[in-house]
Amino acid sequence: MKLNMDNNEEHAELKKEFPNKSILLAVCAACIGGTFQYGYNISIINAPTKPVQNFINQTWRERYNEDISEKHLTLLWSSIVSIFTIGGLVGATTGGTLAIRFGRKGTLMMNNAFALLAALLMGLSYPTGIFELLIIGRFFTGVNAGIGICVQPQYLGEIAPRALRGSMAMGTSIFITGGILTGQVMGLNELLGKDEYWPILLSTTCIPAILQLLILPWFPESPRYLLIDRGDDLGCRKAMKQLHGTNNFDSEREDMERERISALGIKPKKPWELFMDRSLRWQVITIILINAAQQLNGINAIYFYADYVFEEAGIPAVNIPYVTVGTGACECLTALTCGMLIESLGRKVLIIGGYTLMAIWCIFFTLTLTFQEAGPWIPYLSMGCIFAFILSFGLGPGGVTNILTTELFTQTSRPAAYMISGTVNWLSFFLIGMVFPFIVTKLQQYCFLGFLVICVLVAVYIFMIVPETKNKTFLEIYTEFQSVEKRKASKGDDGPRTTLLTTPL
């Protein structure tokens with residue numbers, strides 16, 4: 001009898017630890033056309049650099065009977081690459097509004113239209129001889145990525161049970177890194193990396209969109225959105241039964257009901273209303289800092305220096321793409337590891353630990369680049385620093401940032417919060433792309449000392465201000481920030497304050 005009881009308890013624990021199969025499939029369905037596209041479209045543009053530039057030159061010659069100047073070619077290629085961030089910014093600023101109006105799932109479904117249109121335009125650019133279609137297509141891939149990275153984490157955070165919210169939300173980071181890795185692999189010569197295949201390579205962005213259009217309709221809308229935003233109790237119950245089964249139905253339903261009562265009479269907030277609401281001041285400051293730091297912490301600089309370090313280590317140029325795939329695989333595996341650790345270690349430990357390790361590797365990488373010629377073994381230390389930095393990023397900031405953006409806000413504030421965080425993220429992405437070459441020219445390897453300062457400051461801020469959010473309801477997290485506000489804020493009321501009820505039903 002005792003043995004049976006032990007087995008039953010163990011079985012119950014496993015059910016608590018492992019999510020329903022339906023919710024795992026829903027996460028995959030949301031991510032394949034969401035943040036996977038973001039990672040995929042970042043990486044596939046690297047492989048066809050030369051053939052696309054040759055195509056632009058050929059088209060220019062046919063139009064104007066002369067070769068394009070180096071200056072104009074560089075400008076056009078830079079436009080093709082960087083217009084992605086402009087599209088992402090447009091998507092981020094509209095994603096929250098779309099998520100309120102059409103729902104999280106509905107917006108993800110509609111978002112695939114941008115990916116399909118982009119694939120069509122980029123695929124037609126070569127046969128029509130219109131290179132401008134590449135710029136327009138890349139803009140639409142950016143819009144698709146901006147909306148996806150804004151709305152998908154909301155969907156994941158709202159469908160997940162509280163005890164597994166971190167693990168489920170890690171789907172965002174896992175699929176971004178999976179998209180980057182897939183793009184790197186597809187760009188190899190053995191697949192679509194040959195010069196003549198570049199139109200097909202750029203058009204493959206339609207495949208994740210088609211997959212999502214086929215799979216996501218089988219899964220429900222976010223139960224929180226149905227109950228709190230739409231007041232659809234029956235739809236909420238049906239969605240929860242499909243996603244959660246019957247085990248955790250009651251406790252999760254109670255959490256939603258508390259939040260629904262707290263949000264009575266409160267309309268979904270606009271981004272500027274979050275800035276004016278003093279009760280959300282520290283949450284807003286936090287998401288601005290961590291999203292800016294996600295782009296400005298040196299990860300882009302590491303990838304910039306990667307080819308140089310690999311060449312110095314004696315790796316033949318033809319083999320460097322395969323080593324680059326190794327960096328993508330490294331980041332993807334780290335995201336998976338973060339997903340397994342996040343519910344046991346918590347968000348705060350991982351993100352502080354990640355930034356701390358990144359700061360340490362900034363020091364070592366600066367030293368190894370400075371003394372690169374001191375010995376034949378130094379470049380291998382630099383290679384080690386590259387992989388260690390990527391591992392540290394994936395284990396902390398890369399995985400946890402989006403989860404915190406979901407957890408620090410309640411239902412009425414979350415879409416606006418994602419609009420703010422997405423805007424900051426894309427602007428920072430654009431800024432580092434524009435400014436970083438000049439920083440490298442001036443500071444060379446010492447630019448990593450600047451990234452060191454950023455990593456340290458963000459780690460200190462999170463340690464001092466941000467509470468642990470593991471296994472807490474959104475209302476409990478809100479209340480903890482209120483205690484931070486009471487400690488930090490001066491006397492007086494700086495703006496409107498939203499009161500949320502946190503008492504049990």
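# A walk through the predicted model

Start by selecting Lys269 and Asp277: these two residues form a salt bridge, with their closest N and O atoms 3.5 Å apart. Switch on a surface and check how they sit, because both Lys269 and Asp277 count as buried. Keep in mind throughout that you are looking at a predicted model.

**Stop 1: the whole chain**

Zoom out and colour by secondary structure. How many helices and strands does the chain have? The chain has 24 helices and zero strands. The radius of gyration is 24 Å, close to the 23 Å that the globule rule gives for 505 residues, so the chain is as compact as a globular protein of that length. If you draw the principal axes, the C-alpha trace spans about 75 × 60 × 50 Å along them. Colouring by accessibility adds another view: 55% of the 505 residues count as buried.

**Stop 2: Arg63 and Glu132**

Now for more charged pairs. Side chains of opposite charge can pair when their charged atoms come close. The count for this model comes to 17 salt bridges.

Select Arg63 and Glu132, whose side chains meet in a salt bridge of 2.9 Å, N to O. This pair links distant parts of the chain: Arg63 belongs to helix α4 (residues 49-64) and Glu132 to helix α7 (residues 132-159), with their positions 69 residues apart in sequence. Are these two side chains buried or exposed? Each falls in between: Arg63 is partly exposed with a relative accessible area of 33%, and Glu132 is partly exposed at 30%.

**Stop 3: Arg347, Glu407 and helix α21**

Next, select Arg347 and Glu407. Their side chains meet in a salt bridge of 2.5 Å, N to O. Here too the pair links distant parts of the chain, with Arg347 in helix α19 (residues 347-370) and Glu407 in helix α21 (residues 397-407), 60 residues apart. Both ends of the bridge are out of reach of the probe or almost so by the numbers: Arg347 is buried with a relative accessible area of 1%, and Glu407 is buried at 0%.

While you are here, extend the selection to the whole of α21. Why does this helix count as largely enclosed by the rest of the structure? Because 11 of its 11 residues are buried. Among them are Pro397, Gly398, Gly399, Val400 and Asn402, as well as Glu407 from the salt bridge.

**Stop 4: a salt-bridge network**

Select Asp233, Arg237, Arg253, Glu257 and Arg260 together and show their side chains as sticks. Salt bridges that share partners join these five residues into one network.

**Stop 5: the nonpolar patch on α11**

Turn the surface back on and select Leu116, Ile207, Ile210, Leu211, Leu213, Leu214 and Ile215. Together they make a nonpolar surface patch of about 560 Å². Which helix gives the largest share of this patch? It is α11, which contributes six residues.

Pick Ile210 as a reference point in helix α11 (residues 206-215). Ile210 is partly exposed, with a relative accessible area of 41%. A distance label to Ala113 is worth adding: the two residues are 97 apart in sequence and 9.7 Å apart in space, C-alpha to C-alpha. Leu116, also part of the patch, lies in helix α6 (residues 104-128) and counts as partly exposed at 30% relative accessibility.

**Stop 6: a negative patch**

For a contrast in chemistry, select Asp307, Glu311, Glu312 and Glu373, which gather in a patch of negative charge on the surface. Centre on Glu311, found in helix α17 (residues 299-312). Glu311 is partly exposed, with a relative accessible area of 48%.

**Stop 7: two asparagines with positive phi**

Finish with the backbone. Select Asn65, which has a positive phi of about 60 degrees although it is not a glycine. Asn65 sits in the loop between α4 and α5 (70-102), and it is exposed, with a relative accessible area of 73%.

Then jump to Asn471, which also has a positive phi of about 60 degrees without being a glycine. Where is Asn471 found? Look in the loop between α23 (447-465) and α24 (474-488). Asn471 is partly exposed, with a relative accessible area of 42%.

Conventions: Residues numbered from 1 in each chain as written. Predicted model: local features only at pLDDT ≥ 70, side-chain atom pairs only at ≥ 80, totals over all residues. Heavy atoms only, no water. Patch = residues over 30% accessible without salt bridge, like charges linked within 9 Å, V, L, I, M, F, W, Y side chains within 5 Å. Areas by Shrake-Rupley, 256 points an atom, 1.4 Å probe, with all protein chains shown as cover. Salt bridge = Lys/Arg side-chain N within 4 Å of Asp/Glu carboxyl O. Lys, Arg positive; Asp, Glu negative; His and termini not counted. Charge placed at Lys NZ, Arg CZ, Asp CG, Glu CD. Helix = DSSP H or I, 4+ residues; strand = E, 2+ residues; numbered from the N terminus. Buried < 20%, exposed > 50% of the residue type's maximum accessible area, 1.4 Å probe, protein only. Rg over C-alpha atoms; globule rule 2.2 N^0.38 Å.
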